[in-house]
Amino acid sequence: MLPDEPRPPIDPTPGTGGGSGLSRCYRHPEQETGIGCSRCGRPICPQCMVNASVGFHCPECVSEGGRQVRRATTRFGGRPATDAALVTKALIGVNLVVFVLAAYVLTPWLAFDLELRSFSPDRFYPFANGVAEGPGQWYRLLTAVFLHTAPWHIATNMLVLWVLGPQLEAALGRVRFLALYLLSGLAGSAFAFLLAGDGMRSLGASGAVFGLLGATVVLYRRVRAPLGPIIALLVFNLIVTFSVQGIDWRAHLGGLIAGMLTAAGLMYAPRAHRAAVQGLTLAGVAGLVLAMVLAGTAAYGG
């Protein structure tokens, strides 16, 4: 062999080359080959060759390289999606469907079955009614979040959801964003029940929407974006909340606080322990909701 002629890879199993001087594929011993993996050097046959930027890689090296590639995530650990507003659109769709059914098709029975209603026993009706009855009626804490019967009410809530939802969904990922929305809505319902469970009727996505407002404040603070516009929007909504009759300020305030707490845990979680901190945050807010519901049920006769 001439000195400048390339040397074939060394056969790891001497004597199996059959006299041809070629090595045999480490996965297919019956195949002779003069090609080796450019990463580990093992001989590979055409069936095992995987094109690489330089030469060929064996299947094991390709698999190992894939395990070492870090999965892409959103800024706060979610999974990136092609449509970053999918959950926002789905939530708007569900709200619109329930609105049409409750306001025009199954009125007034559907609204009666889904609204957040709670009455403690009195001398006219000696039994608790609604959420105060106990766990069998707790579903109202969630169903009321998707219930609207007035066009202006759903239009206002869905407009704010459409404005704020996509940016939060893109930053958090679909699962975390959905958890934020639902926990905010539940917290608003639970807080309203805790403070007024001896005689209340309430409905609407306002608690969840206020949770998104609070989460957006945390997001802007976290990424050092100008806070002026979102603070102005929040203040305006709070003024409307406390100045217009018929608005359940308790649900708005409960949702706002829960949204800010949830967002803070999701967005400020250290990267090294992100999953654990975010999981504990969601569990903690869910536990707070349950504590409010239990306290209200005990107070109002469930």
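**Close-up views of a predicted model**

Of the protein's 302 residues, 42% count as buried. The model is predicted. The fold has 10 helices and 7 strands. About 16,100 Å² of the protein is exposed, with carbon and sulfur atoms supplying 65% of that area. Among contacts between residues at least 6 apart in sequence, 64% join residues at least 24 apart.

**View 1. The largest nonpolar core has 36 residues.** Leu91, Leu161, Leu168, Tyr181, Leu212, Leu219 and Met267 have the most contacts inside this core. At least two core residues come from each of helix 2, helix 5 (151-172), helix 6 (174-196), helix 7 (206-222), helix 8 and helix 9. Helix 7 gives the largest share, 10 residues. Apart from this core lies another, of 22 residues. Ala128, Val131, Ala190 and Val289 are among the residues of that other core.

**View 2. Leu91 and the residues it touches.** Setting aside residues up to four places away in sequence, Leu91 touches Phe146, Leu161, Phe177, Leu178 and Tyr181. Leu91, Leu161 and Tyr181 are also among the residues with the most contacts inside the largest nonpolar core.

**View 3. A nonpolar patch on the surface.** Val97, Val100, Leu101, Tyr104, Val105 and Leu106 make this patch. Its area is about 540 Å². Leu101 belongs to helix 2 (residues 86-105). Leu101 counts as partly exposed because its relative accessibility is 32%. Helix 2 also supplies at least two residues of the largest nonpolar core.

**View 4. Asp248 in the loop between helix 8 and helix 9.** Helix 8 spans 228-243, and helix 9 spans 249-267. With a relative accessibility of 12%, Asp248 counts as buried. Beyond residues up to four places away in sequence, Asp248 touches Ala192, Met200 and Ser202. A polar atom of the Asp248 side chain lies 3.1 Å from the backbone nitrogen of Arg250. The side chains of Asp248 and Arg250 also meet in a salt bridge, at 3.2 Å from N to O. Which accessibility class does Arg250 fall into? Arg250 counts as partly exposed, at 21% relative accessibility. Asp248 counts as buried because its 12% falls under the 20% cut-off.

**View 5. Salt bridges elsewhere in the structure.** The structure holds 4 salt bridges. In one, the side chains of Asp83 and Lys89 meet at 3.2 Å, N to O. Asp83 counts as partly exposed at 27% relative accessibility. Lys89, at 41%, also counts as partly exposed. In another, Arg117 pairs with Glu115, and the closest N and O atoms are 3.2 Å apart. Both Arg117 and Glu115 are buried.

**View 6. Gly134 in the loop between strand 6 and helix 4.** Strand 6 covers 129-130, and helix 4 covers 140-143. Is Gly134 buried or exposed? Gly134 counts as buried, because its relative accessibility is 5%. Gly134 and Gly296 are 162 residues apart in sequence. In space, their C-alpha atoms are 9.7 Å apart.

Terms used. Residues numbered from 1 in each chain as written. Predicted model: local features only at pLDDT ≥ 70, side-chain atom pairs only at ≥ 80, totals over all residues. Heavy atoms only, no water. Helix = DSSP H or I, 4+ residues; strand = E, 2+ residues; numbered from the N terminus. Buried < 20%, exposed > 50% of the residue type's maximum accessible area, 1.4 Å probe, protein only. Polar contact = N/O pair within 3.5 Å; in protein donor to acceptor, adjacent residues only side chain to side chain. Contact = heavy atoms within 4.5 Å. Patch = residues over 30% accessible without salt bridge, like charges linked within 9 Å, V, L, I, M, F, W, Y side chains within 5 Å. Areas by Shrake-Rupley, 256 points an atom, 1.4 Å probe, with all protein chains shown as cover. Core = buried A, V, L, I, M, F, W, Y, C linked by side-chain atoms within 4.5 Å.
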